[in-house]
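Student: Please take me through one part of this model in close detail. Start at the surface, then work towards the sheet.

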Amino acid sequence: MAYSFAAKLTGVSKRYSDVTAVENLDLEVKKGEILGLLGPNGSGKSTILKMLLGLVKPDSGAVNVLGVNLMDASLALKKRIGYVPEGSYVYEFLTGLEFLDFAGDVFQISLEEKKKRIEEFLKALDLEGRESDMISSYSEGMKQKILIISAMMHKPELLLLDEPLNSLDPKSARIVKNLLRKLASQNVATVMSTHVLEIAEAICDRIAIMYEGRLLALGTMEELRQRAKMPNSGLEDIFLELTGTGDVKPIVEELLR
Ligand SMILES: Nc1ncnc2c1ncn2[C@@H]1O[C@H](COP(=O)(O)OP(=O)(O)OP(=O)(O)O)[C@@H](O)[C@H]1O
Ligand SMILES: [Mg+2]
């Protein structure tokens with residue numbers, strides 16, 4: 001099916017009783033781009049990712065993913081998406097290999113292809129030799145790598161990654177970054193959340209700054225820097241303020257002007 005963007009949210013809002021998790025969000029994810037959702041805790045990042053996956057239904061607005069309106073989405077769409085949720089959602093009492101084998105079966109990858117891809121990914125992410133150990137014996141970073149592999153091994157067209165690099169050491173983070181760039185060059189779109197500005201800056205083509213469910217600013221790092229030209233502060237300062245305990249009101253007002 002022909003479609004011009006990887007995903008598009010139009011006028012999307014989501015409330016949880018008295019909390020507005022996402023408010024009137026318009027956001028387009030381009031094909032082959034790595035889009036970062038940057039924002040403090042509770043700013044709506046995970047909710048956006050869950051809405052893109054169809055795990056959370058918006059109260060209003062429309063979500064289109066890979067040319068499919070999520071209201072009409074079927075299981076076929078899920079096969080075209082890879083998702084790494086926040087927190088470790090791995091089965092502790094399987095080995096890494098068993099978990100990946102299971103993930104491959106869920107996505108109906110052929111036996112031969114599955115074996116090949118698992119081997120390649122284990123090697124790329126430095127897990128070779130540990131695949132037959134129980135996941136319960138893995139470090140947080142190793143668990144995260146298993147999740148990342150399970151989200152990528154079926155060759156999705158859209159990757160939704162919730163804080164994917166959190167527990168990874170610099171070397172592993174770099175490997176994942178390179179993997180994402182390679183996938184982007186093959187037209188795979190990625191939406192990833194982070195509250196670390198350096199990560200967004202190092203990996204993402206464009207960054208969406210979220211605050212209290214609202215999209216404050218969207219653009220390349222360069223565009224955001226230009227936009228944030230406030231007396232005596234760069235984007236780093238602004239973002240630190242947003243994520244810290246400082247008085248954020250004037251900054252929010254400035255960005256919304
Ligand atoms: N299932 C839920 N029930 C009630 N409130 C929720 C639920 N999920 C999210 N929220 C609320 O919605 C808001 C946005 O949450 P969300 O998880 O999207 O934030 P986030 O930006 O991912 O934060 P973090 O950086 O901590 O992961 C928060 O105020 C949160 O408490
Ligand atoms: Mg979150």
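**From a surface patch to the sheet**

Tutor: Tyr91 is partly exposed, because its relative accessible area is 48%, between the cut-offs of 20% for buried and 50% for exposed. Keep in mind that this model is predicted. Tyr91 sits in the loop that links β6 (81-84) to α3 (96-106). On the surface, Tyr91 joins Phe102 and Val106 in a nonpolar patch. Together the three residues have about 310 Å² of accessible area.

Now the sheet. This open sheet has four strands, in the order β2-β1-β4-β5, with antiparallel pairing. Its edges are β2 (19-29) and β5 (68-69), each paired on one side only. Look at the β5 edge. Here β4 (residues 60-65) meets β5 through two bridges, again in the antiparallel sense. Val65 has Val68 of β5 as its bridge partner. A helix belongs in this picture too. Helix α1 (residues 45-53) lies across β1 (7-16), β2 and β4. Relative to β1, α1 runs at about 120°.

Last, the segment before β1, which holds Phe5. Is Phe5 buried or exposed? Phe5 counts as buried because its relative accessible area is 14%, under the 20% cut-off. Beyond its neighbours within four places in sequence, Phe5 is in contact with Glu28, Val29, Lys31 and Asn64. Gly67 is 62 residues away from Phe5 along the chain, yet their C-alpha atoms are separated by 7.6 Å.

Conventions. Residues are numbered from 1 along each chain as its sequence is written. Chains are lettered from A and ligands numbered from 1 in the order in which they are written. This is a predicted model: local features need pLDDT of at least 70, side-chain atom pairs count only at pLDDT 80 or more; totals for chains, interfaces and linings use all residues. Side-chain values use heavy atoms; hydrogens and water are left out. Patches are made of residues with over 30% relative accessible area and no salt bridge: like charges are joined within 9 Å, nonpolar side chains (Val, Leu, Ile, Met, Phe, Trp, Tyr) within 5 Å. Accessible areas come from the Shrake-Rupley method with a 1.4 Å probe; for residues, only the protein chains shown count as cover. A salt bridge is a side-chain nitrogen of Lys or Arg within 4 Å of a carboxyl oxygen of Asp or Glu. Buried means under 20% relative accessible area, exposed over 50%, partly exposed in between (1.4 Å probe, protein chains only). Two strands pair if DSSP finds at least two bridges between them. Contact means heavy atoms within 4.5 Å. Axes are lines fitted to C-alpha atoms, for helices over the stretch in contact, and angles run from 0 to 180 degrees between N-to-C directions.
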